[in-house]
Amino acid sequence: RGHHRFSNEIDKRVKHHLDDSLKPPGADDDKWELVAEEGEMKVYRKELIEDGLICDPLKALHSIKNVTAREMCHYFWLTDVRKEWEGTIENFSVVEVLDELTIVIYQTHRRIWPSAQRDCLYVSSMLKVDNPPPNGDGCKPYDTWMVCNFSVDLNEANPVAGCVRALVEIALICQTYVTPPADGGPITRDCLKCDIVYVANVNPGGWVPASVLRSLTKREYPKFLRRFTAYVQEKTKEKEILI
Ligand SMILES: O=S(=O)(CCO)c1ccc(-c2ccc(C3CCCC3)c([C@H]3C[C@H]3c3ccccn3)c2)cc1
């Protein structure tokens, strides 16, 4: 991984997510509200208003079979396939390449009537976590990968006129669990499980009706997690295991 002007910022945010985001809700004292539950997927939210804007933190836990942490993060980070699973952005472009796993993305979101359209400009970095904190239930993950997306204030070349800049601080933290086959045979996809923690802190950057935004997030995050995880399972099922 190359060193660049955002390296220290990335390290700081990765440390924050490992110290804070990996904890399951309920471990810490603050009140997470379960807003959606479908099978292994649990989506939590906290109500938070900053400067009069709805900035509700979101934390989702999920566990999916047959894929690795690296594969989940790879397909989340890779812009070539972004449109295959991301249904709420209108357009995006890679503004800058910082190293082989770190880029800057500019994207516009579909407008939410009656508020103005939003755009985001953020660093997106994928990395393997070398020394993950031990998790509660005792069994050690095979490996831990993360994608960190956070807003930066750069002079975007040609922002879409009329957009209000939303600020994002997002992490996808994935851990692979491998159950070797009893007969000592090779590891196949049905030996794999990937536990996911997805955290999203989005500041809308300006006024959006509270009821509209809250019902949108309550619907869109579970939909995104359902669609994205199914996409990765489908995309990898005939492929060599990337671990
Ligand atoms: O995980 S990612 O990095 C994937 C790359 O795209 C990500 C996910 C979500 C967002 C985002 C940005 C803006 C908004 C709002 C704020 C006011 C108007 C738009 C929302 C709210 C609306 C919620 C939402 C949740 C899930 C999907 C889309 N929409 C979410 C940004 C990045």
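## Briefing: ligand site, aromatic cluster and cysteines

A polar atom in the side chain of Q107 sits 3.0 Å from an oxygen atom of the ligand. The protein buries 96% of the 640 Å² that the ligand exposes when taken alone. Please keep in mind as you look around that this is a predicted model. Besides the ligand site, the tour below takes in a cluster of six named aromatic residues, F76, W85, Y198, Y221, F224 and F228, linked by ring pairs, and a set of cysteines with zero disulfides among them.

**Around the ligand**

- The ligand has 20 residues around it, and those that come nearest are E86, Q107, N149, Y198 and L216.
- E86 brings a polar side-chain atom to 2.7 Å from an oxygen atom of the ligand.
- N149 also takes part, with an N or O atom of its side chain 2.9 Å from an oxygen atom of the ligand.
- Y198 is worth a second look, as this residue is among those nearest the ligand and also belongs to the aromatic cluster.

**Aromatic rings**

- In total, the structure holds 10 aromatic pairs.
- One of them joins F76 and F228, whose ring centres are 5.6 Å apart and whose planes meet at 70 degrees, an edge-to-face arrangement.
- This pair ties together distant parts of the chain: F76 belongs to helix 2 (residues 69-77) and F228 to helix 4 (residues 210-236), with their positions 152 residues apart in sequence.
- Both partners are buried: F76 has a relative accessible area of 5%, and F228 has a relative accessibility of 1%.
- F76 and F228 are members of the cluster too, alongside W85, Y198, Y221 and F224.

**Lysines over rings**

- K46 places its charged end over the ring of W32, 4.6 Å from the ring centre.
- K193 lies over the face of Y177, and here the distance to the ring centre is 5.0 Å.

**Cysteines**

- A search of the whole structure turns up zero disulfides.
- C163 is in no disulfide, and the nearest cysteine sulfur, in C120, is 9.4 Å away.
- C163 is nevertheless buried, with a relative accessible area of 17%.
- Why does C174 form no bond with C73? The sulfur of C73 is the closest cysteine sulfur to that of C174, but at 3.9 Å it is too far for a bond, because a disulfide needs the two sulfur atoms within 2.5 Å.
- C174 is buried, with a relative accessible area of 0%.

**Two residues in strands**

- S151 is found in strand 9 (residues 143-151).
- Is S151 buried or exposed? At 17% relative accessibility, S151 counts as buried.
- A polar atom of the S151 side chain is 2.7 Å from the backbone nitrogen of V168.
- T176 has its place in strand 11 (residues 167-178) and is buried, with a relative accessible area of 0%.
- How far apart are T176 and I10 in space? Their C-alpha atoms are 22 Å apart, while the two residues are 166 residues apart in sequence.

Definitions and conventions. Residues are numbered from 1 along each chain as its sequence is written. This is a predicted model: local features need pLDDT of at least 70, side-chain atom pairs count only at pLDDT 80 or more; totals for chains, interfaces and linings use all residues. Side-chain values use heavy atoms; hydrogens and water are left out. Rings of Phe, Tyr and Trp (its six-membered ring) pair if their centres lie within 6.5 Å; planes under 30 degrees apart count as stacked, over 60 as edge-to-face and the rest as tilted. Helices (H or I, at least four residues) and strands (E, at least two) are DSSP runs, numbered from the N terminus. Buried means under 20% relative accessible area, exposed over 50%, partly exposed in between (1.4 Å probe, protein chains only). A charge sits over a ring if NZ of Lys or CZ of Arg is within 6 Å of the ring centre and within 35 degrees of the ring normal. A residue is near a molecule or strand if one of its heavy atoms lies within 4 Å of it. A polar contact is a pair of N or O atoms within 3.5 Å; within protein, one must be able to donate a hydrogen and the other to accept it, and residues adjacent in sequence count only if both atoms are side-chain atoms. Accessible areas come from the Shrake-Rupley method with a 1.4 Å probe; for residues, only the protein chains shown count as cover.
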